[in-house]
Amino acid sequence: MVSNDPLQEASALPRNGLVPIRTVASLTGVNPVTLRAWERRYGLIRPVRTAKGHRLYSMHDVELIQRVLTLLDAGMSIGQVCHVLRGESLGAGHPQPGPAEEHVDPWQDYRRQMVKAIADFDDIALDDLYNQVLSLYPVDSVTGRLIVPLLHELGWRWERGEGGVAEEHFFSVFLRNKLGARLHHQRRGLSGPRLLAATLPGEHHEIGLLLFALAAMDRNYRVLLLGSDMLLEELPLLVNRTHCQAIVLAGSLVTPVKLVRHNLARLVREVCVPVFVGGQVTARYAEEIVKAGALALGEDLGLALRIIDGRLTQAGAA
């Protein structure tokens, strides 16, 4: 009997052309922890198992994961995604989410819970929420729909007098520690292009850079992370010594235009690898960045990594 459920079909595919979980993570940007959670909790993907228990995935699985990502990007929860996929397979007669369910925003609820944990300075509740979300959603979704809006909301709370600087510092330290631990554990086994990543001179906030590094490593990039307030004059030597394939710089709205027009332009002339610039600085100085010879990435991590993928693919084919 042939199943009409796409959540069951994957395990029945021919056992050829199968790839390991690390390759799937690189192709889709969904980390192995999340892939395993989707399998265990929801039966969303059912990979073939080897005799030793290792998971192997087909291209059908990869396509299904891409479909899941599309629905998550539309604002659905992972539970709603499973419901929709089964409904698409079984046809119009299968129950679909009702109007109330369709308009539920899981991210708004997560943000509300995390703001409360931050306002209470409850690091245990904050840790539990953060781990729960990261186990269910790709890092790009968590970053774009939870972490970045949450950072903005903490800033607004301070401006409205509802919170204080201590809340922002508390969350920044928490996030830096969590991201640092994840970066440390994910470094091994990566084999993709090596990126040299740093913030622009004078920039002391590195959370955005850490989020980028984590997303890049989920796609098999090796990231040499230099952190905040990096002198651009030192980067050409580091590129030669570390054999990096690209430089990724991050900046905010406080970046002076002179730095972009002169220091960045000089860096581009002195290195033989692409130079990318991301963060809020790209909204303010997009034209100057392009004139300097660099490539502007914006603030969307998924789009930024697709731009880097495309540029490095062109460089490799040249």
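## A first stop: Val268

Which residues does Val268 touch, not counting residues up to four places away in sequence? The answer is Val275, Ala292, Gly293 and Ala294. Keep in mind that what you're looking at is a predicted model.

To find Val268 yourself, go to helix H13, which covers residues 257-270. Then pick out Gly293, one of the residues Val268 touches. Val268 and Gly293 sit 25 residues apart in sequence, yet their C-alpha atoms are 6.2 Å apart in space.

## The whole chain

Now zoom out. The protein chain has 16 helices and 8 strands. It runs to 318 residues, and 48% of them count as buried.

How much of the contact network joins residues at least 24 apart? Take the contacts between residues at least 6 apart in sequence: 71% of them join residues at least 24 apart.

## Helix H7 meets helix H8

Let's look at a pair of helices. Two packed helices are described by the angle between their axes and the distance between the axes. For H7 (residues 106-119) and H8 (residues 123-136), the axes come within 9 Å and cross at roughly 155°. Angles over 145 degrees count as roughly antiparallel, so that's the label H7 and H8 get with respect to each other. The crossing of H7 past H8 is left-handed.

Who does the touching? On the H7 side you'll find Trp107, Tyr110, Gln113, Met114, Ala117 and Ile118. They meet Ala125, Leu126, Leu129, Tyr130, Gln132, Val133 and Leu136 of H8. Sorted by type, the residues of this contact between H7 and H8 come out as 11 nonpolar, 2 polar and no charged.

## Helix H7 meets helix H9

H7 has a contact with H9 (residues 139-160) too, and here the axes come within 10 Å and cross at roughly 45°. That angle makes H7 oblique to H9. This crossing is right-handed.

H7 brings Trp107, Tyr110, Arg111, Met114, Val115, Ile118 and Ala119 to the contact. From H9 come Ser141, Val142, Arg145, Leu146, Pro149, Leu150, Glu153, Leu154 and Arg157. The residues of the contact of H7 with H9 split into 11 nonpolar, 1 polar and 4 charged. Try clicking on Trp107: it's listed in the contact with H8 and also in the contact with H9.

## Ser135 and its neighbours

Back to H8 for a single residue: Ser135 is part of this helix. Is Ser135 buried or exposed? Its relative accessibility is 11%, so it counts as buried.

If you skip residues up to four places away in sequence, Ser135 touches Val33, Thr34, Ala37 and Arg41. With Arg41 there is also a polar contact, side chain to side chain, at 3.5 Å.

## Gly75 and Thr282

Gly75 is in the loop between helix H4 (59-73) and helix H5 (78-90). The relative accessible area of Gly75 is 15%, so this glycine is buried. Now look for Arg145, which we met in the contact of H7 with H9. Gly75 and Arg145 are 70 residues apart along the chain, with 8.7 Å between their C-alpha atoms.

Thr282 belongs to helix H14 (residues 281-284). At 8% relative accessibility, Thr282 counts as buried. Which residues is Thr282 in contact with, leaving aside its neighbours within four places in sequence? They are Val277, Ile289, Ala296, Leu297 and Gly298.

## Two residues with a positive phi

Most residues other than glycine have a negative phi. Asn220 is not a glycine, but its phi is positive, at about 80°. Look for Asn220 in the loop between helix H11 (207-218) and strand E5 (222-227). This asparagine has 12% relative accessibility, so it counts as buried.

His243 has a positive phi as well, about 60°, although it isn't a glycine. Its spot is in the loop between helix H12 (235-242) and strand E6 (246-250). Is His243 buried or exposed? With a relative accessibility of 59%, His243 counts as exposed, whereas Asn220 counts as buried.

Methods: Residues are numbered from 1 along each chain as its sequence is written. Side-chain values use heavy atoms; hydrogens and water are left out. Helices (H or I, at least four residues) and strands (E, at least two) are DSSP runs, numbered from the N terminus. Buried means under 20% relative accessible area, exposed over 50%, partly exposed in between (1.4 Å probe, protein chains only). A polar contact is a pair of N or O atoms within 3.5 Å; within protein, one must be able to donate a hydrogen and the other to accept it, and residues adjacent in sequence count only if both atoms are side-chain atoms. Contact means heavy atoms within 4.5 Å. Axes are lines fitted to C-alpha atoms, for helices over the stretch in contact, and angles run from 0 to 180 degrees between N-to-C directions. Angles under 35 degrees count as roughly parallel, over 145 as roughly antiparallel, 65 to 115 as roughly perpendicular and the rest as oblique. A crossing is left-handed if the near helix is turned anticlockwise from the far one by less than a right angle, and right-handed if clockwise. Ala, Val, Leu, Ile, Met, Phe, Trp, Tyr, Cys and Pro count as nonpolar, Asp, Glu, Lys and Arg as charged, and the others, Gly among them, as polar.
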